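Student: I'd like to zoom in on one part of this model and really get a feel for it. Can you walk me through it slowly?

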Amino acid sequence: MKKAFSLITLLNQIRLFHGLAIVILFTLVFSACEKEIDDQSFQQDEISNAVMHKNDGGGLQRFDAQVIQSWYELMLNLATETPGHTPPILARSLGNAGVVVYESLVGEMPNHHSLVGQLNGLNSIPQRKQGNSYHGPVMVNAALASIVKMMFQNASTANLNKIDDLELATNDLYAGRVSQQIMDRSIDYGRAVAEAIYDWSKSNGGDQAYLHNFPADYIPPQGADKWVPTPPSFLPALLPYWGNYMTMVPANNVGPVDPPVPMEFSSVVGSPFYNAAYEVYEIGLNLGPEQSEIALYWDDGVGTFTPPGHNMAIALQMIRNQQLNFYQTAILLAKLGIAENDAGIVCWRAKFNTNLLRPITFIQSYLDPTWTSLITTPPFPTYTSGHSTFSGAAAAILSAEIGNAISFTDSTKIAHGFSPRSFNNFTAYAEEAKESRLFGGIHYSFDNEFGLVCGEQIANNVEQLNW
């Protein structure tokens, strides 16, 4: 198949007739690359080849991968349009979606293992009925439709309708090619897996946290080194209890994965902490055009798809660029989602364990009361950098799954008025995202350095699971 189409793109472009138009267009594309599917369609050797050889999936496999991508594209759109879906909350949604996709499909991926018993508290998943056939894309479509609704319960009526529209349009692509019995069985199973994962997620903490980003009962500690609300909005602390929630991977609980204690606070001229703050101050006064562009490009603040969403958008672009098949797409997005979820928890744990003041607070108190940062300081403590942690984790997963010798151009923000940015490998993009927080004036260098390392460790623990 020469060209991959995006269901979400079509949904956005064809508002009046989107359901019918999508079905007609994808029926044409689908017919060109798919044969009749019945109870005998998925042979073990075919699946093995699809899983083991990233470019051997064929048109059908790449087409089906687009079904998964379309749901993730919808989630990123929902994150920008639904109140309260801040970075850790979106990361949690991406993590749960990834587990749903993987667990729905693991039964048809040879030599792959369920995450039951491997992830914290995940003790059971509904099992397929022995001797019955299922259709992977239909199953995943139902599972993702269910989990996305559960993760975005506060979405607008129009956006909830988009979820229904995408589910129905995707099912229409396979209707007539898959027996109704297999369709129904696959839909029921996908929904059952999604329900089980949602129930599990509630036990880990954070359910519907988008309604409670700023809990009124949180009282921040006091002290010269402690975080205080920052200009211009002076918002209270965002998700101060997030670090208390359960990570998905046991190795990412409190322990070696946590960053070291930050350097000792001091306002004495020439002390290490003073010098770290002065670095932010001096760079802010002398920003060059390239530094400013980098800071703004990676801002990913309020009203955007956020840092974990930016990382996921890059992954979706890589799936298309590398023509990953259906199963590879599922595995990559599961690993990346779990890593981003845990990155949010571990980072927020460090933030509210240390409660260290932001550079703007130090600089305005001890260096220059008129100084301000290029980008707006978000409402939570400084150590460690969230974007550095999220990006470090994502780059490490992408490097492990695709390889770190691939140059690429990030074009995910063209629609937002930014020029694309090119990198020699995934590590390079994470390094630039890390530096962007220093250029933007919202983090000390040590926030960024230890955040990046922490994210890489989290990703390594994800990769070490028995996949």
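Which residues line the largest cavity?

Tutor: Happy to, and bear in mind as we go that this is a predicted model. The lining of the largest cavity is made up of R92, N96, S201, N204, G205, W242, Y245, M246, M248, N341 and I345. Group those by element, and the ones that give two or more residues to the lining are α5, α8 (180-204) and α12. As for volume, the largest cavity comes to about 80 Å³, and a search of the whole structure turns up two cavities of 30 Å³ or more.

Let's take the lining apart, beginning with two of its aromatics, W242 and Y245. Their ring centres are 5.1 Å apart and the planes meet at 75 degrees; anything over 60 counts as edge-to-face, so that's what this pair is. The two don't share the same burial class: W242 is buried, with a relative accessible area of 2%, while Y245 is partly exposed at 28%.

Now for the helices, with α12 up next. Helix α12 covers residues 326-354, and its 29 residues should span 42 Å at 1.5 Å a residue; the end C-alpha atoms are 42 Å apart, which agrees. Of those 29 residues, 28 are buried, so α12 is largely enclosed by the rest of the structure. Have a look at its ends too. N325 caps the N-terminal end, with a side-chain oxygen 3.0 Å from the backbone nitrogen of Y327. After the helix comes N355, which has a positive phi, near 50 degrees. There's also a charge-over-ring arrangement at K351, whose charged end sits over the ring of W348, 5.4 Å from its centre.

Then there's α5, another of the elements that give two or more residues to the lining. By the ring-centre rule, the structure has 29 aromatic pairs, and one of them joins Y102 and W467 edge-to-face, at 4.9 Å centre to centre with 85 degrees between the planes. Y102 lies in helix α5 (residues 87-105) and W467 in the segment after α16 (445-463), so this pair ties together parts that are 365 residues apart in sequence. Both rings belong to buried residues: Y102 has 0% relative accessibility, and W467 has a relative accessible area of 9%.

Last stop is α8, residues 180-204, which also gives two or more residues to the lining. If you look for R185, you'll find it over the face of Y134, 5.8 Å from the ring centre.

Methods: Residues are numbered from 1 along each chain as its sequence is written. This is a predicted model: local features need pLDDT of at least 70, side-chain atom pairs count only at pLDDT 80 or more; totals for chains, interfaces and linings use all residues. Side-chain values use heavy atoms; hydrogens and water are left out. Helices (H or I, at least four residues) and strands (E, at least two) are DSSP runs, numbered from the N terminus. The expected span of a helix is 1.5 Å times one less than its number of residues. Buried means under 20% relative accessible area, exposed over 50%, partly exposed in between (1.4 Å probe, protein chains only). A polar contact is a pair of N or O atoms within 3.5 Å; within protein, one must be able to donate a hydrogen and the other to accept it, and residues adjacent in sequence count only if both atoms are side-chain atoms. Rings of Phe, Tyr and Trp (its six-membered ring) pair if their centres lie within 6.5 Å; planes under 30 degrees apart count as stacked, over 60 as edge-to-face and the rest as tilted. A charge sits over a ring if NZ of Lys or CZ of Arg is within 6 Å of the ring centre and within 35 degrees of the ring normal. On a 1 Å grid over the protein atoms alone, a cavity is a set of points where a 1.4 Å probe fits but cannot get out, and a pocket is an open set with protein on both sides within 12 Å along at least five of seven lines; lining residues have an atom within 4 Å of a point. Grid points are joined across faces, edges and corners, and a volume is the space filled by probe spheres set on the points.
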